[in-house]
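Here are my notes on this one, written as I went through it. Have the viewer open beside you and follow the numbered points in order.

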There are 2 protein chains.
Amino acid sequence: MSSSEISAATVGRLPAYLRALIELAGDESATVSSDHLAELVGVNPATVRRDLASLRITGTRGVGYDVKYLVFEISVELGLNQEWPVAVIGAGNLGRALANYAGLTERGFPIRCLFDTDQAKIGTEVAGIPVRHLDDLAGTVAELGIAVGVIATPADGAQEVADALVSAGIGSILNFTAHPIIVPDRVVVRRVDIATELQILSFYQQRGVGTSTGTGVPLEVR
Amino acid sequence: MSSSEISAATVGRLPAYLRALIELAGDESATVSSDHLAELVGVNPATVRRDLASLRITGTRGVGYDVKYLVFEISVELGLNQEWPVAVIGAGNLGRALANYAGLTERGFPIRCLFDTDQAKIGTEVAGIPVRHLDDLAGTVAELGIAVGVIATPADGAQEVADALVSAGIGSILNFTAHPIIVPDRVVVRRVDIATELQILSFYQQRGVGTSTGTGVPLEVR
DNA sequence: TAGATTGTTAATCGATTAACAATC
DNA sequence: TAGATTGTTAATCGATTAACAATC
């Protein structure tokens, strides 16, 4: 399908475009040029035009792109016109921090359930979110329509949890542990590894410092 | 200097190489071929050889690379032969989760202090780590030799905190907020943005699913 | 019409990979 | 010597960017 034209690099920039556009919309800007948007996000204007063209988003020559239309279209591309209920596996410090982070619900990723294997935690609530036993994962995924699983357990449990998520029918996994996980092709995985980020920082710090980017994408304005 | 030959892509793979090598060392493997290491990390063997060559790490033709030597050299490149004391700004749920994550100290990134502006928290401890007022940042950075600052505050405080870290002389910042920060060239920033990661997941989930990689690098074995 | 800005082609750049001579 | 594997060249691939005709 046409979707194959959208590169991973483009997808990685979409959240940054959206964030900049939402601020522009607040400023009541009706249109935005590729030059302006590029400057806000820290990329080349031609890259912006190419990215938008790959999404079949068109602007108006001599004028620019309609901000509201851009926000709408990019949101649709990112699936933000619907909710993606999240389950967090691991009700430790990280799991509780995620549960307490209201920003996720605001952005369409409400955490609906926490899972753990510690009997003392089962049946309690964290920030109003129930904690259930990992054995109840499959049933809960079906019951609550969970779309995304977040692995927030100790590293040595990561693969086991990933397997459980996969058998429960989950198609998207965010892995916070230091260990890579192996999943079938149909499942999409991203990893957030704090220790790796720190190691990359120390590499550049130790040398004269080049500039490093976040998340593999130039998200930081220079 | 010679350092300019090392690409950001190579740097991003170093932590994954190191992780695989440490497991191999545990298996008492004395040497490893580029083929084997490539398979463990999920990259092409030629990429492994090219990456190592760019670090001036040599192997032995017909034999492979010495595992202990690789571990040592890559560790040195990543600055892991020394400690990088960390300060976490924000003693909320995320800050406390980080403080309780022993993995960071084990990997050479001990959290030495938390900072907040909530008087009720100042003077308390989290997992044995003191919480001080943000006003004391510069003094504490000097006193404890802090090398890395982690921004774990609400998003709207990110730039202000970044400015404070920069004036305190910090050269490496890990930003957990949804907002990009602007810093001088000498400062290295990486960002971990959970909402962005989830948006990228939902993009792929919504479509037939391609495969996405974590951290901008193919860290997940397929 | 004159100025602005898109949409897209062609050039460039950088990273990946195949292939193979060198050599252990 | 025969087999294995590196180190590196050259080819390939994909992404970025300059440039500009199209057109609002």
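1. Start with how chain A is laid out. It splits into domain 1, residues 2-77, and domain 2, residues 86-196. The C-alpha centres of those two domains of chain A sit 32 Å apart. Keep in mind throughout that this is a predicted model.

2. Now the DNA. There are 23 residues around DNA strand C, and the ones that come nearest are A:S34, A:R50, A:G59, B:R13 and B:R61. Of the atoms of DNA strand C that come within 4 Å of the protein, 59% belong to sugar and phosphate.

3. Some individual contacts to click on. The side chain of A:S34 has an N or O atom 2.6 Å from a phosphate oxygen of DNA strand C. With A:G59 the backbone is involved: one of its N or O atoms lies 2.8 Å from a phosphate oxygen of that strand. A:G62 also uses a polar backbone atom, here 3.0 Å from a sugar or linking oxygen of DNA strand C. As for secondary structure, the elements giving two or more residues to the surface near DNA strand C are α3 (45-54) of chain A, plus α1 (8-26) and α3 (45-54) of chain B.

4. Which element gives the most to that surface? That would be α3(B), with 4 residues. By residue class, the surface near DNA strand C comes out as 12 polar, 7 charged and 4 nonpolar.

5. On to the sheet in chain A. It is an open sheet of 7 strands with mixed pairing, and the order is β5-β6-β4-β3-β7-β8-β9. At the edges you'll find β5 (125-126) and β9 (188-191) of chain A, each pairing on one side only. β5(A) runs antiparallel to β6 (residues 129-133) of chain A, with 2 bridges joining them. In that pairing A:V126 stands opposite A:I129.

6. Strand β3 of chain A (residues 86-89) deserves a stop. On one side it pairs in the parallel sense with β4 (residues 111-116) of chain A over 4 bridges, and A:V88 has A:L114 as its bridge partner there. β3(A) also runs parallel to β7 (residues 148-151) of chain A, again with 4 bridges; here A:A87 stands opposite A:G149. Side chains alternate along the strand: A:V86 and A:V88 point one way, A:A87 and A:I89 the other, and all are buried.

7. Chain B has an open sheet of 7 strands too, in the order β5-β6-β4-β3-β7-β8-β9 and with mixed pairing. Its edge strands are β5 (125-126) and β9 of chain B, each of which pairs on one side only. Further in, β3 (residues 86-89) and β4 (residues 111-116) of chain B pair in the parallel sense over 4 bridges, with B:C113 in β4(B) as the bridge partner of B:A87.

8. Look at the β9 edge of chain B as well. β8 (residues 172-175) of chain B and β9(B) pair in the parallel sense over 4 bridges, and B:S172 has B:V188 as its bridge partner in β9(B). From β9(B), residues 188-191, B:V188 and B:R190 point one way while B:V189 and B:R191 point the other. Even with two arginines in that list, all of these residues are buried.

9. Cysteines next. Is C113 buried or exposed in the two chains? A:C113 counts as buried because its relative accessibility is 0%. B:C113 is buried too, because its relative accessibility is likewise 0%. There are 0 disulfides over all chains.

10. Last, two backbone angles in chain B to check. B:R56 is not a glycine, but its phi is positive, near 65°. B:R56 is found in the loop between α3 and β2 (65-66) of chain B, and it counts as exposed because its relative accessible area is 55%. B:A127, also not a glycine, has a positive phi of about 55°. B:A127 lies in the loop between β5 and β6 (129-133) of chain B, and with a relative accessible area of 52% it is exposed as well.

Notes
Residues are numbered from 1 along each chain as its sequence is written. Chains are lettered from A and ligands numbered from 1 in the order in which they are written. This is a predicted model: local features need pLDDT of at least 70, side-chain atom pairs count only at pLDDT 80 or more; totals for chains, interfaces and linings use all residues. Side-chain values use heavy atoms; hydrogens and water are left out. A residue is near a molecule or strand if one of its heavy atoms lies within 4 Å of it. A polar contact is a pair of N or O atoms within 3.5 Å; within protein, one must be able to donate a hydrogen and the other to accept it, and residues adjacent in sequence count only if both atoms are side-chain atoms. Ala, Val, Leu, Ile, Met, Phe, Trp, Tyr, Cys and Pro count as nonpolar, Asp, Glu, Lys and Arg as charged, and the others, Gly among them, as polar. Domain bounds come from an automatic or database domain assignment. A disulfide is a pair of cysteine sulfur atoms within 2.5 Å. Buried means under 20% relative accessible area, exposed over 50%, partly exposed in between (1.4 Å probe, protein chains only). Two strands pair if DSSP finds at least two bridges between them.
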